[in-house]
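Good morning, and thank you for coming. I shall take you through one structure, beginning with a single strand and ending with the surface near the DNA.

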Number of protein chains: 2
Amino acid sequence: MQEKLFEWIEQYLIITDAEKKALVDLDIFRSYPKGTVLLNQGERSRNEYFVLQGLLRRYFEKDGEEKTVEFYAEGEGVTPICTVNGEPSDYSIATLEECTLIVSNSSMGAILYERFPRFETLCRLVSDDLILKTQVIFDNFKSSTPEERYIHLLDKRPDLIQRVPQYQLASFLGITPESLSRIRKRLTKYHE
Amino acid sequence: MQEKLFEWIEQYLIITDAEKKALVDLDIFRSYPKGTVLLNQGERSRNEYFVLQGLLRRYFEKDGEEKTVEFYAEGEGVTPICTVNGEPSDYSIATLEECTLIVSNSSMGAILYERFPRFETLCRLVSDDLILKTQVIFDNFKSSTPEERYIHLLDKRPDLIQRVPQYQLASFLGITPESLSRIRKRLTKYHE
DNA sequence: GATAATTCTTGACTTTAGTTAAGAACTGAA
DNA sequence: TTCAGTTCTTAACTAAAGTCAAGAATTATC
């Protein structure tokens, strides 16, 4: 399972065996059953999560509604966003499936940075990459209609369509479940 | 003018005089008149821009339309997004006002990282901060109506309303200029 | 200061999303 | 297998955004 982590890291930076060992020694691998709430909106936590197996959902409550804003599948990580400096989190995080995760916190990060300065390089590279991806996604989102956004999702993250309830997908696309249902109907009509 | 840069940096990390000098020695301060296109969609460039004075706009062409996706005012920087590894840029960048900018490229970054490792820490902190801000903005955007998004903009970046043509703001909000015009009308009606 | 170009507003009309409500389809647990 | 709870679809209606076109207001240029 930890091989998945190393594979992912080595997209960015080749690491030594000593560095691998340092990571494993932190004892950060954890499993959770489906439906586990890892973090509740309003709670303070410094944990960060990286998905080795399974699917996470990040969401928040607004006007009594649950708004789903992001999913994290294998090889994706919940950045410190929800877990900053002991501030109460704006978001909740829950597992949508049984999950194997890497759970770390900033003090572990500090230890790693000190012992292996290259981890800081790694984190910067990962951050820069994430900024880039997020911005492209946001820009596309802005300049698309709900229908185009759904088609785009079908293209880019087809797994989500299978793994996630539609009302959560709808929220993720910034529309109502009813609207998503109609969009799907519209698309099948013209596609067959 | 360079004081502005140091002020901004020291939100994240206090730097020494030697480090300040290293920055200034890179000779990175540049001025551009209003309307200068710094980067054209499709061009390759490794430059990064940080705004000391003035306003930048990032945009791209889609269906023959110019889609404005972001503005960068004083103290904001165009991250390497448009300027990755010699890939043709997905975006254009232009000045909306006369600008004083810091123009740097990744080779300068590499020099700095080597001579002053703390710059890598700085960049990571800045990146993490940007990820956080961008995600919060995106999440709000997703779960808001166009009208709410405009009200939010009024609240968070009132300067933009003054400094940017409305049709570019509309695009930035993901709507048509006509729609923005009607939203403004609606709001003044109920507000006075 | 007159003219041209750009930007903004308005109106009429079309399309799509939001809302509310009902019921169908599916899922999971006893 | 049945029942309850959840999720998805449909329908009727309302509200808002997109589109197209015209003209008003503003800004830039000579």
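Is strand β5 (residues 65–72) of chain B largely enclosed or not by the rest of the structure, and why? Six of its eight residues are buried, so the strand is largely enclosed. Buried here denotes 20 or more other C-beta atoms within 10 Å of a residue's own, against 12 or fewer for exposed and values in between for partly exposed, with C-beta atoms placed from the backbone. Helices (H or I, at least four residues) and strands (E, at least two) are DSSP runs, numbered from the N terminus.

Before proceeding, I should state that this is a predicted model, in which local features need pLDDT of at least 70 and side-chain atom pairs count only at pLDDT 80 or more, whereas totals for chains, interfaces and linings use all residues. Residues are numbered from 1 along each chain as its sequence is written, while chains are lettered from A and ligands numbered from 1 in the order in which they are written.

Let us stay with β5(B). Its antiparallel partner is strand β4 (residues 56–62) of chain B, over seven bridges; pairing requires that DSSP find at least two bridges between the strands. Across this pair, B:Glu61 stands opposite B:Glu66 of β5(B). Two residues lie between the strands of the hairpin, where B:Asp63 adopts a positive phi near 50°.

I turn now to the two chains. Chain A and chain B each give 26 residues to the contact, which is counted where C-beta atoms, placed from the backbone, lie within 7 Å. On the side of chain A that touches chain B, β5 (65–72) and α4 (118–142) of chain A are the elements that give two or more residues. Of these, α4(A) gives the most, with 15 residues.

How is chain A superposed on chain B? A rotation of 180° with 0.0 Å of shift along its axis does so, at an RMSD of 0.0 Å; the fit is by least squares on the C-alpha atoms of residues with pLDDT of at least 70 in both copies. The two copies are therefore related as by a two-fold rotation axis. The same surface serves both, as 100% of the contact residues of chain A recur in chain B.

Finally, the DNA. Of the 18 residues around DNA strand C, those that come nearest include A:Pro146 and B:Ser181, nearness being a C-beta atom, placed from the backbone, within 6 Å of the strand. The most residues come from α8(B), which gives six to this surface.

Technical notes: Contact = placed C-beta atoms within 7 Å.
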